[in-house]
Amino acid sequence: MASKTMQKLTPVQREYQKLAQMHEPPRPVLRNCIRAFFAGGAICVLGQAIQQLMIQFGGFDKRSAGDPTVAILILISVVLTSMGVYDKFAQWAGAGSAVPVTGFANSMASSAIEHRSEGLVLGTGANMFKLAGPVIVFGTVAAFFIALIRLILKGG
Amino acid sequence: MTLMLKGRQSWVFERKPVIAATATVVGPFEGRGPLGNDFDIVHGDSLLGKDSWEKAESALMEEAANLAIERAGLRKEDVHFYIGGDLLNQITSTSFAVRSLSIPYIGVFGACSTSMESLALAAHLVNSGGARYVLAGACSHNSSAEKQFRYPTEYGSQKPPTAQYTVTGAGAALVAESGTGPVITAATIGRIVDMGIKDPFNMGAAMAPAAVDTMTAHFRDLGRSPDYYDLIVTGDLAKVGYSIACDLIQKHQLPIDLNKYNDCGLMMYDFNTQMVQAGASGCACSAVVTYGHLLRRMREGELKRILVIATGALLSPLSYQQGESIPCIAHAVAIEANPEAGEGA
């Protein structure tokens, strides 16, 4: 816990938080990392296989094969989300299932399904980007600054 | 009539209101837990054939309320008041459930402590002559709670080991002025305790001090020794909160035999086969465990006197996003086997 927030607490609260922390089972960080590595890696291998198939049998070249590959991965993720499987896989896989494009698709599909009961416009439409929205916003902002740095360093 | 108030914050019910009937309704996941056989209705579909989680939650409550009334041999018109609540915004699940019952209604919110809050108030009403029959109820639904407090149910987020699983279910108890069921002898209304915990995925740690505070107040106000009870249970502290509560009990030198202290959040699910992290939570947790499981053990004569301390985390999705800590509360109700009715026979 940050020392700044600790300072605002009363001595009793501080003492309690120390006690509470002792009882808190730690997040299994190493196990989560290993699982994320293999789960995320497996999704990437699957993506690579799809891309390879697209090149071999789909008539795409190496550059254009990326588009149908992403579309298929998204489709798989949305189907698994609708079937109620993806969230269970994610509890096991952690960041491994959240970081690839399938995680992004899951965040949108799950929000869309969840809020369908509030109607198509105010429910699905308004809530679909509830979780994905911040990724887009801060992704765009980060891209802008990276581009700015590049412009300054390399000059266009 | 002697004063009902005892000590600082407790009531002693001289007329011993009776729990004439109870009803518990749960979802499929709860039915697969170790207490599955203790519940009256186990649904196979967590949506109950409805088109939203919220409607399903309301249906659970309505079903439990109707069943409790029926079991008490009463009609809806005989019940004077309904006291209850749930976790959703504006306690809509309860209000919508009571809509069809047309029983005069008092909505209460105590988060997961609502079960005992409503039971204590029902007993108070009956004891003071304010009503002859009062129905107390509490409900929660895993998916509607996830949707409101956390993420969409199908969203793949990894929960930490301190997280708890909200129980899908509803419990109702019909409190009457006389009858053959177990009796309510006392209640202690808790005060808000906030130890500065901010993590909504660690409710057990946030709520444990409130539970111990109410426990201490109960024994102090009533001048009772914890030995008086065969079993003391907290509502939904689960693994983390329970172990903290045990520590606090020892630290404050409360003479509680820890073998006689348990937590509903630990009893609800099978930790080996069900993925519930630290354990169960939700309004329905203490409601269905008390009304379904504990009162069954009391009927069979295994338990004579129990103290149920339902714990609640009074946060909202907005309050924790704004960085507020989690204020917590706990309410205790003492339930005893009815000596006149030959309980356990």
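Student: Where does Gly155(A) sit, and what phi does Gly155(A) take?

Tutor: Gly155(A) comes just after α9(A), with a positive phi of about 70°. Helices here are DSSP runs (H or I, at least four residues) and strands are runs of E (at least two), both numbered from the N terminus. The model is predicted, so local features need pLDDT of at least 70, side-chain atom pairs count only at pLDDT 80 or more, and totals for chains, interfaces and linings use all residues. Residues are numbered from 1 along each chain as its sequence is written, chains are lettered from A and ligands numbered from 1 in the order written, and side-chain values use heavy atoms, without hydrogens or water.

Student: How do you know that the length of helix α9 of chain A agrees with its residue count?

Tutor: The expected span is 1.5 Å times one less than the number of residues. For the 23 residues of α9 (132-154) of chain A that gives 33 Å, and the end C-alpha atoms are 32 Å apart, so the two agree.

Student: What about helix α4 of chain B: what span should its 14 residues have?

Tutor: They should span 20 Å, and the end C-alpha atoms of α4 (114-127) are 19 Å apart, which agrees. Gly129(B), just after α4(B), has a positive phi of about 85°.

Student: Why is α4(B) called largely enclosed?

Tutor: Buried means under 20% relative accessible area, exposed over 50%, partly exposed in between (1.4 Å probe, protein chains only). In α4(B), 11 of the 14 residues are buried, so the rest of the structure largely encloses this helix. Among them are Met116(B), Leu119(B) and Val126(B).

Student: Is Gln17(A) buried or exposed, and how do you know?

Tutor: Its relative accessible area is 5%, so Gln17(A) is buried. Gln17(A) belongs to helix α2 (11-23) of chain A.

Student: And Ser97(A), buried or exposed?

Tutor: Ser97(A) has 1% relative accessibility, so it counts as buried. Ser97(A) lies in helix α6 (95-98) of chain A. Contact means heavy atoms within 4.5 Å. Leaving out residues up to four places away in sequence, Ser97(A) touches Ile43(A), Tyr86(A), Phe89(A), Ala90(A), Thr102(A) and Gly103(A).

Student: What makes the phi of Ser102(B) worth a remark?

Tutor: Phi of Ser102(B) is near 45°, positive in a residue other than glycine. Most residues other than glycine have a negative phi. Ser102(B) lies in the loop between α3 (92-99) and β6 (105-107) of chain B. At a relative accessible area of 63%, Ser102(B) is exposed.

Student: What phi does Gln253(B) have?

Tutor: About 55°, positive although Gln253(B) is not a glycine. Gln253(B) is in the loop between α7 (238-251) and β12 (261-263) of chain B. Its relative accessible area is 69%, so Gln253(B) is exposed.

Student: At what angle do α3 and α5 of chain A cross?

Tutor: The axes of α3 (29-57) and α5 (86-93) of chain A come within 8 Å and cross at roughly 135°. That makes α3(A) oblique to α5(A). Under 35 degrees is roughly parallel, over 145 roughly antiparallel, 65 to 115 roughly perpendicular, and the rest oblique. Axes are lines fitted to C-alpha atoms, for helices over the stretch in contact, with angles from 0 to 180 degrees between N-to-C directions.

Student: Which residues meet there?

Tutor: Arg35(A), Ala36(A), Ala39(A) and Ile43(A) in α3(A) meet Phe89(A), Trp92(A) and Ala93(A) in α5(A).
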